[in-house]
Amino acid sequence: MAMSADDVKFRNLIINLSPATVRPDEAQRVAACAYTTGQELQREWRVVWPAGVQNFLVNTGRRKGGLCFQWATELLIRLDAMKLQTLEFHWAESYAGLPSEHNVIVVTAKGQPFAQGILLDNWRYGGKLVYGRVAADPNYRWTENSGEAARRLKNYRGQPGKVGAQAGTAAAR
């Protein structure tokens, strides 16, 4: 779990995706953005933990956001807006199409395979950023959905904070 927007361990993990090509300043910008996005949305959406309780509150109209796809969409929009040169972002799904579907963003070095990336998950602990290697996540098996990333960027480009509960692919998350 990231401890701050300046988490050195997290930033170095991003740099180590490809030390010869990933710019340290870009890795720091991603780390800071992923961390602060979680903190900001936690306040804006009045997030409670565990995540299942927040999901219930959103699905019953008591909160305006906090489903996993909303966290992922908002983060994707903010990361895409940075127009980075050495890193790229991917939409990841686990249990796609099921009530337990979960979505996160994965960062890779430019041109690197999705499976070698680092997942960025603000949903799991209610705005506290969980990160780690995609293949090493003990709770989920991640697959890339590049079409979903493109669709979300097309629908929301330039509208941070406007992610609505009706926009998701997952019913429960």
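Reader: How many salt bridges does the count come to in this structure?

Author: The count comes to 10 salt bridges, where a salt bridge is a side-chain nitrogen of Lys or Arg within 4 Å of a carboxyl oxygen of Asp or Glu. The model is predicted, so local features need pLDDT of at least 70 and side-chain atom pairs count only at pLDDT 80 or more, while totals for chains, interfaces and linings use all residues. Residues are numbered from 1 along each chain as its sequence is written, and side-chain values use heavy atoms, with hydrogens and water left out.

Reader: What makes Glu40 and Arg78 a salt bridge?

Author: The closest N and O atoms of Glu40 and Arg78 are 2.5 Å apart, and the limit is 4 Å, so the pair qualifies. This pair links distant parts of the chain, with Glu40 in helix 2 and Arg78 in helix 4 (residues 68-81), 38 residues apart. Helices (H or I, at least four residues) and strands (E, at least two) are DSSP runs, numbered from the N terminus.

Reader: Why is Glu40 called partly exposed?

Author: Buried means under 20% relative accessible area, exposed means over 50%, and partly exposed is in between (1.4 Å probe, protein chains only). Glu40 has a relative accessible area of 35%, and therefore counts as partly exposed.

Reader: Where do Glu148 and Arg151 lie, and how far apart are their closest N and O atoms?

Author: Both residues lie in helix 5 (residues 146-156), 3 residues apart, about one turn of the helix. Their closest N and O atoms are 2.8 Å apart, and the two form a salt bridge. Glu148 is buried because its relative accessibility is 8%, whereas Arg151, at 34%, is partly exposed. Elsewhere, salt bridges that share partners join Arg23, Asp25 and Glu26 into one network.

Reader: Is Glu26 buried or exposed, and what is its distance from Arg23?

Author: Glu26 has a relative accessible area of 2%, and is therefore buried. The closest N and O atoms of Glu26 and Arg23 are 3.6 Å apart, in a salt bridge. Arg23 counts as partly exposed because its relative accessibility is 36%.

Reader: How many disulfides does a search of the whole structure find?

Author: The search finds 0 disulfides, a disulfide being a pair of cysteine sulfur atoms within 2.5 Å. Cys33 is in no disulfide, and the nearest cysteine sulfur, that of Cys68, is 18 Å away.

Reader: Why is the sulfur of Cys68 too far for a bond?

Author: The closest cysteine sulfur, in Cys33, is 18 Å from that of Cys68, which is too far for a bond. Cys68 is buried because its relative accessible area is 0%, and Cys33 is buried because its value is 12%.

Reader: What makes the pair of Phe10 and Tyr131 stacked?

Author: The structure holds 5 aromatic pairs. In one of them, the ring centres of Phe10 and Tyr131 are 4.2 Å apart and the planes stand at 25 degrees, so the pair is stacked. Rings of Phe, Tyr and Trp (its six-membered ring) pair if their centres lie within 6.5 Å; planes under 30 degrees apart count as stacked, over 60 as edge-to-face and the rest as tilted. Phe10 lies in helix 1 and Tyr131 in strand 4, so the pair ties together parts that are 121 residues apart in sequence. Both Phe10 and Tyr131 are buried.

Reader: Why is the aromatic pair of Tyr140 and Trp142 called tilted?

Author: The centres of Tyr140 and Trp142 are 5.2 Å apart, with 35 degrees between the planes. The stacked class ends under 30 degrees and edge-to-face begins over 60, so this pair falls among the tilted ones. Tyr95 joins Tyr140 and Trp142 in one aromatic cluster.

Reader: How do you know that the buried residues of helix 1 are on the same side?

Author: The buried residues of helix 1 (residues 8-15) are Phe10, Ile14 and Ile15. They cover an arc of only 140 degrees around the axis, which puts them on the same side of helix 1. The arc is that of the directions from the helix axis to the C-beta atoms.
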